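Here is a short walk through a protein model with the viewer open beside you. Take a moment to turn the structure around before reading on.

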Amino acid sequence: MAQILAPTSQWQMKITKSSTTASPMTAKMWGSLVLKQNKKGPARSSTKFRVLATKAEGYTINRLEGLLNLDLTPFTDRIIAEYIWIGGSGVDVRSKSRTISKPVEDPSELPKWNYDGSSTGQAPGEDSEVILYPQAIFKDPFRGGNNILVICDAYTPQGEPIPTNKRARAAEIFKNKKVIDEVPWYGIEQEYTLLQTDVKWPLGWPVGGYPGPQGPYYCGAGADKSFGRDISDAHYKACLYAGINISGTNGEVMPGQWEYQVGPSVGIEAGDHIWASRYILERITEQAGVVLTLDPKPIEGDWNGAGCHTNYSTKSMREEGGFEVIKKAILNLSLRHGEHISAYGEGNERRLTGKHETASINTFSWGVANRGCSIRVGRETEKQGKGYLEDRRPASNMDPYIVTSLLAETTLLWEPTLEAEALAAQKLALNV
Amino acid sequence: MSLVSDLINLDLSDSTKKIIAEYIWIGGSGMDIRSKARTLPGPVSDPSKLPKWNYDGSSTNQAPGEDSEVILYPQAIFKDPFRRGNNILVICDTYTPAGEPIPTNKRAAAAKIFSHPDVVAEVTWYGIEQEYTLLQKDVNWPLGWPVGGFPGPQGPYYCAAGADKAFGRDIVDAHYKACLYAGINISGINGEVMPGQWEFQVGPSVGISAGDEVWAARYILERITEIAGVVLSFDPKPIQGDWNGAGAHTNYSTKSMREDGGYEVIKKAINKLGLRHKEHIAAYGEGNERRLTGRHETADINTFKWGVANRGASIRVGRDTEKAGKGYFEDRRPASNMDPYVVTSMIAETTLLLKA
């Protein structure tokens with residue numbers, strides 16, 4: 001729901017890769033930030049945090065913290081690399097670590113690896129090896145030092161992307177010259193819901209009942225309005241430390257629901273950064289003893305769903321006369337509504353009802369400042385005659401590789417027939 | 001309470017040159033790890049410079065009460081991740097006062113095999129994948145499982161993150177750094193298929209050091225779970241039913257296997273192992289018959305078979321190795337409670353010292 005800061009024409013975009021110039025969080029800083037919760041007294045209402053598995057008594061907890069936060073750099077050059085990939089469901093994030101002999105800067109310096117695909121629904125037991133290709137590096141906010149997180153994608157031993165590998169196809173689209181020339185920018189607004197463990201009922205909600213109706217919770221503060229801020233805040237700093245392009249965060253309309261935004265990112269980076277941020281969020285909720293869900297409609301009834309609005313612009317949209325380019329892009333998107341919707345996340349039909357700030361799943365609509373539309377264009381963009389558009393259709397469990405590359409493909413590489421275009425222009429009242 | 005933690009973490013190097021050495025040995029069951037500490041006058045990096053010591057073998061089922069002294073010979077040194085500074089952990093093996101290895105000392109026989117010129121020449125490498133299960137104290141039920149019940153079926157847990165999928169990561173991560181600090185050749189970790197089960201890998205290590213490093217890593221893991229208040233189990237099949245067991249897959253290669261034409265050497269070696277299947281199985285860990293059922297990514301205990309990328313085989317050869325024509329193979333039979341001295345030396349013996 002938040003507005004991505006749209007750069008004005010004077011901005012020079014800085015693409016922040018995994019920052020090597022940022023001073024790393026010292027082990028002590030990180031330790032005090034993340035592990036503080038196990039020193040809290042009795043929790044407030046139903047938001048109990050506990051550090052799982054370190055239920056030791058009193059002072060002995062220090063010895064485990066000491067090891068977790070140990071800075072190894074005085075003792076060895078070796079680093080730990082956490083290889084991260086997407087499992088068989090398309091939304092489950094998996095990872096395992098390995099020791100690398102010395103710090104690395106570029107993914108090409110890292111070895112390929114493999115994992116047991118038969119345990120993730122991605123290969124049969126008699127031929128179980130799936131190969132991991134390192135694609136992006138981020139600093140590891142949990143281990144500190146020179147340790148890293150590595151976003152990978154998955155291939156057969158023969159070198160073919162396995163069916164659930166959506167990054168490979170997206171990378172091809174983003175290598176197309178037409179797409180490269182247009183420098184596509186993405187700002188993704190990832191919403192998510194926190195649930196109490198065991199009961200799987202939203203955090204802060206009374207078990208067996210419901211909180212007061214929506215209204216007070218959006219961007220609210222207070223023990224009766226905001227549930228789980230520690231997770232959102234810890235996640236924000238962890239992502240900044242890691243070198244992820246996180247641009248903001250806010251509490252959402254439904255209590256126990258939050259949002260963070262990643263961007264502006266160019267091309268394939270958007271997907272890498274979102275997946276890395278989702279992994280970090282899963283790790284933080286694990287430590288907090290709270291369950292993360294990316295379900296697009298966690299609670300039926302008069303409660304908001306969770307989306308992944310994707311803000312998008314190309315070079316032409318950002319320059320003088322860009323508003324016309326935006327309208328042409330919207331035209332193209334309207335003619336491929338079905339294809340996009342089927343790729344925008346499982347279960348989205350429970351969320352895109354036409355109520356709760358969504359457009360109905362079967363209708364394509366657009367409007368300026370209209371949150372009930374499929375595509376929203378900001379007032380700023382309309383006024384300046386250039387800027388960006390917001391696709392509000394993607395669900396919170398969408399795959400960012402698919403969504404970002406499909407937007408680029410439909411608006412830059414695909415052309416409708418002239419008749420179809422004319423018909424659509426009339427229907428949407430778009431003078432293009 | 002802060003006074004106690006200040007004392008535990010006290011850095012002694014400013015006040016004295018003395019160091020603390022924790023002598024570690026294996027007890028009477030073959031799986032219980034014991035240790036006690038002593039003060040030494042100054043830092044030591046060579047095991048041969050450490051004094052021999054002794055302990056009460058009648059308290060560990062390794063000697064009778066009337067003649068209870070068992071002698072400890074220091075064999076390998078690691079940095080102590082709990083005491084830090086110049087303090088050390090010392091892996092030892094056990095002898096009678098007359099200088100004979102006691103029956104539970106498996107290292108001595110392994111050392112003999114690893115000093116045989118044929119074995120030395122082939123530079124045997126080992127990569128050991130140690131699996132283990134974490135249990136809640138008192139109830140001895142796996143960590144993260146509801147007491148009196150079961151979690152959802154296997155599927156979501158392998159390499160996963162999230163409070164409903166990964167239980168005990170703090171232990172695993174603390175163990176990883178502690179082992180790197182100690183100088184153990186730990187090469188990776190991952191969450192396993194059964195919830196509450198984890199794995200770490202040690203290697204590649206040459207010859208006898210594989211066993212020393214795995215035992216040191218096991219000791220450090222036992223100490224860390226002690227701190228965390230969680231029980232460590234190396235049982236190969238902790239929960240009956242549709243739940244994975246715990247193994248200690250042992251990856252192995254020799255110089256000839258790693259060079260061009262190595263794939264033929266590998267196939268010959270696998271053949272030799274097939275001829276001694278029963279002897280190996282008998283030495284690969286107590287209770288393994290509950291784990292090697294032919295299901296849950298194992299081969300049945302009475303069957304010997306091998307295959308490329310096949311996790312249901314006794315021996316698995318990686319696709320990399322097949323493609324390159326050289327490399328290594330994985331013996332998937334050892335249970336998590338195997339003795340690495342026994343397994344590593346037996347594989348070397350069968351593949352290098354016995355005539356077909």
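Let's begin with charge. In chain B, there are 39 positive and 43 negative charges, and their mean positions lie 4 Å apart. Keep in mind that this is a predicted model, so treat every value here as computed from that prediction.

**The build of chain B**

What does the secondary structure of chain B consist of? Count along the chain and you'll get ten helices and 13 strands. As for overall size, chain B has a radius of gyration of 21 Å, close to the 21 Å that the globule rule gives for 356 residues, so chain B is as compact as a globular protein of that length. If you lined the C-alpha trace up with its principal axes, the trace would span about 60 × 55 × 40 Å.

Chain B is also split up by its domain assignment, which gives domain 1 (4-104) and domain 2 (117-353). Taken over C-alpha atoms, the centres of these two domains of chain B are 27 Å apart. How many residues are in contact between domain 1 and domain 2 of chain B? On the domain 1 side there are 17 residues, and they are in contact with 19 residues of domain 2.

**Chain A next to chain B**

Now bring in chain A. Its secondary structure comes to twelve helices and 13 strands. Here are some values for the two chains, side by side.

| Property | Chain A | Chain B |
|---|---|---|
| Residues that are buried | 59% of 432 residues | 58% of 356 residues |
| Contacts (residues at least 6 apart in sequence) that join residues at least 24 apart | 68% | 65% |
| Exposed area | about 17800 Å² | about 14100 Å² |
| Share of exposed area from carbon and sulfur atoms | 53% | 52% |

To read the contact row, take chain A: among its contacts between residues at least 6 apart in sequence, 68% join residues at least 24 apart. For chain B, that share is 65%.

**Two cis peptide bonds**

Next, have a look at the backbone. Where in chain A is there a cis peptide bond? You'll find it joining A:G263 and A:P264, with omega at about -5 degrees. The proline, A:P264, lies in strand β8 of chain A, which covers residues 257-266.

Chain B has a cis peptide bond too, joining B:G203 and B:P204, and its omega is about -5 degrees. Here B:P204 is found in strand β8 of chain B, residues 197-206.

**Two residues with positive phi**

Stay with chain B for a couple of backbone angles. B:D138 has a phi near 75 degrees, which is a positive value in a residue other than glycine. You can find B:D138 in the loop between β6 (125-136) and α4 (169-182). Is B:D138 buried or exposed? Its relative accessibility is 72%, and the cut-off for exposed is over 50%, so B:D138 counts as exposed.

The other one to look up is B:E297. This residue is not a glycine, yet its phi is positive, at about 60 degrees. B:E297 sits in the loop between α8 (277-283) and β11 (306-308) of chain B. With a relative accessible area of 23%, B:E297 is partly exposed, because buried means under 20% and exposed means over 50%.

Methods: Residues numbered from 1 in each chain as written. Chains lettered and ligands numbered in written order. Predicted model: local features only at pLDDT ≥ 70, side-chain atom pairs only at ≥ 80, totals over all residues. Heavy atoms only, no water. Helix = DSSP H or I, 4+ residues; strand = E, 2+ residues; numbered from the N terminus. Rg over C-alpha atoms; globule rule 2.2 N^0.38 Å. Buried < 20%, exposed > 50% of the residue type's maximum accessible area, 1.4 Å probe, protein only. Contact = heavy atoms within 4.5 Å. Areas by Shrake-Rupley, 256 points an atom, 1.4 Å probe, with all protein chains shown as cover. Lys, Arg positive; Asp, Glu negative; His and termini not counted. Charge placed at Lys NZ, Arg CZ, Asp CG, Glu CD. Domains from an automatic or database assignment.
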